[in-house]
Amino acid sequence: MSLGKLEISDFRRQIESEWMDNIAPFWLKFAPDEKYGGFRGLITNDLQIDEKAEKGIILNSRILWTFSHADKIYREKSYLEIASRAFQYLTKHFFDKDHGGVFWTVDYTGAPLDTKKRPYAQAFALYALSEFYSATNNKSALDKAFEIFYLLEKNCQDKQNKGYFETFERDWTLAKDQRLSEVDANEKKSMNTHLHILEAYANLYRATGNSTVKDRLRALINIFLDKIIHRKNFYLQMFFDDQWTVKSAVDSLGHDIEASWLLWEAAEILGDEELLKQVQSVAIKMANAVYDNGLASDGSLLYEAKNKVIIDRDRDWWVQAEAVVGFLNAYQLSKDESFLTAAARVWEYITEKVIDRSNGEWFWKITDEGLHSNEKPKLSQWKCPYHNGRMCFEAVSRLREIEKGLSTK
């Protein structure tokens, strides 16, 4: 199936409307915590608010990035207000004034709770701070971003085998328990942490052109090409020991398609033509592997596989969002119409199943039987506006470029 200019234009308008009329209004209305400051830590799927839930750096950082980026695009007062609120709360409550870096969680009053230093969390704070700087030219945000960058480089690098370790105590000593979350393996290195450090460094380099950041970004791209991406089947290997011995055979399909476009973005920002050619080839192969092994008959992207056999058929919201962007990126790189069609079909699935037409925003996940569960929250440490908000920004921009390309034919 080939999409014409009018269909692509409609596709673009639908996605932009999703941000303007559903995602943004939900977060503007429900996220701010007017009683205790910052943002609420937990809202259930049916909009029950836990006023005393802990507050996580991941949620705060992702709100900061999302609304900073939205402000860059739309220059909407309410977006800047939310971004500024996130910046102020992050710097006041999450920053460790004694040892540097950001805490994992604070309690509902803003007091430190989980004080471990996880590079994954540092990366999201850096990512968000550099975006806030890009939107507002706030020098304090840039200073904080670089403070985190140098802490990561000083304390978290594996100087012998390259890459970054997973978890540190408050004082930056390596933690015994390396797990990012309860569902992760207790291993020294992970794909997930490296992916989001890559994303953060790419954003910081784009905002500043700093040569040290440039060198570290190049090193991260090479780690993906040399260590993390399976050289034969082009999926991301998830967990490793300190010497990069692979410790997991599970394939996270959402991360695969997300990484395919984030790697390309990082290489594009870096601007090395030889590296761009290499990453372009790998990104297309990664998207092909997801297309061949992960798509369900209804157009959605399934959650996990092992040895090319699907082991988790749930459709998580973030996986669908990343699939839209990843397949659009693969189409732009390859001009293969099947990728454009795949992106459109995932979007159709999102509109039919994932968007919550009653309470707003998106359901966390849809089962293989097409059902959603109220057990998963609508807002939490992990349920944020970053994946679906970013999908809207990326897809609108990319579809506009695709439209222009069709106009010149």
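1. Start with α8 and α9. In this predicted model, α8 (residues 253-270) and α9 (residues 273-294) pack with their axes 9 Å apart and an angle of about 165 degrees between them. Angles over 145 degrees count as roughly antiparallel, so that is the label for α8 and α9. The crossing of α8 past α9 is left-handed. On the α8 side, the residues in contact are Leu 253, Asp 256, Ile 257, Ala 259, Ser 260, Leu 263, Trp 264, Ala 267, Glu 268 and Leu 270. From α9 come Leu 275, Leu 276, Val 279, Gln 280, Ala 283, Met 286, Ala 287, Val 290 and Gly 294. Sorted by class, this contact has 14 nonpolar residues, three polar ones and two charged ones.

2. Now for α2 (residues 57-74) and α4 (residues 119-136). Their axes come within 8 Å and cross at roughly 25 degrees. With the parallel class set at under 35 degrees, α2 and α4 are therefore roughly parallel to each other. Here too the helices cross in a left-handed way, α2 passing α4. The α2 residues in the contact are Ile 57, Ile 58, Ser 61, Arg 62, Leu 64, Trp 65, Ser 68, His 69, Asp 71 and Lys 72. They meet a set in α4 that includes Tyr 120, Phe 124, Tyr 127, Leu 129, Glu 131 and Phe 132, with Ala 121, Ala 125, Ala 128 and Ala 135 also among the α4 residues. The tally for the α2 and α4 contact is 13 nonpolar, four polar and four charged.

3. A third helix pair worth a look is α5 (139-155) with α6 (residues 191-208). Their axes come within 12 Å, and the crossing angle is roughly 135 degrees. That value makes α5 oblique to α6. The handedness of the α5 and α6 crossing is left-handed. In α5, the residues involved are Leu 142, Ala 145, Phe 146, Phe 149, Leu 152 and Glu 153, and they meet Tyr 201, Leu 204 and Thr 208 in α6. By class, the α5 and α6 contact splits into seven nonpolar residues, one polar and one charged.

4. On to the strands. One open sheet has three strands in the order β1-β2-β3, paired antiparallel. The edges belong to β1 (55-56) and β3 (112-114), each with a single partner strand, so each has one side without a neighbour in the sheet. Strand β2 (residues 105-106) runs antiparallel to β1, and two bridges join them. If you want a landmark in that pairing, look for Gly 56, which stands opposite Thr 105 in β2.

5. Another open sheet of three strands is ordered β6-β7-β8, again with antiparallel pairing. Its edge strands are β6 (250-252) and β8, each pairing on one side only. From one strand to the next, the twist averages 40 degrees.

6. Within that sheet, have a look at the β7 and β8 hairpin. Strand β7 (residues 304-306) pairs with β8 (residues 309-312) over three bridges in the antiparallel sense. Two residues lie between the strands, and Asn 307 in the turn has a positive phi of about 55 degrees. Lys 306 has Val 309 of β8 as its bridge partner, while Glu 304 stands opposite Asp 312 in β8.

7. Last, the charged pairs. Side chains of opposite charge can pair when their charged atoms come close. The structure holds 28 salt bridges. One to check by eye is Arg 170 with Asp 98, where the closest N and O atoms are 3.5 Å apart. This pair links distant parts of the chain, with the two residues 72 apart. Arg 170 sits in the loop between α5 and β4 (189-190), and Asp 98 in the loop between α3 (77-94) and β2.

Methods:
Residues are numbered from 1 along each chain as its sequence is written. This is a predicted model: local features need pLDDT of at least 70, side-chain atom pairs count only at pLDDT 80 or more; totals for chains, interfaces and linings use all residues. Side-chain values use heavy atoms; hydrogens and water are left out. Axes are lines fitted to C-alpha atoms, for helices over the stretch in contact, and angles run from 0 to 180 degrees between N-to-C directions. Helices (H or I, at least four residues) and strands (E, at least two) are DSSP runs, numbered from the N terminus. Angles under 35 degrees count as roughly parallel, over 145 as roughly antiparallel, 65 to 115 as roughly perpendicular and the rest as oblique. A crossing is left-handed if the near helix is turned anticlockwise from the far one by less than a right angle, and right-handed if clockwise. Contact means heavy atoms within 4.5 Å. Ala, Val, Leu, Ile, Met, Phe, Trp, Tyr, Cys and Pro count as nonpolar, Asp, Glu, Lys and Arg as charged, and the others, Gly among them, as polar. Two strands pair if DSSP finds at least two bridges between them. A salt bridge is a side-chain nitrogen of Lys or Arg within 4 Å of a carboxyl oxygen of Asp or Glu.
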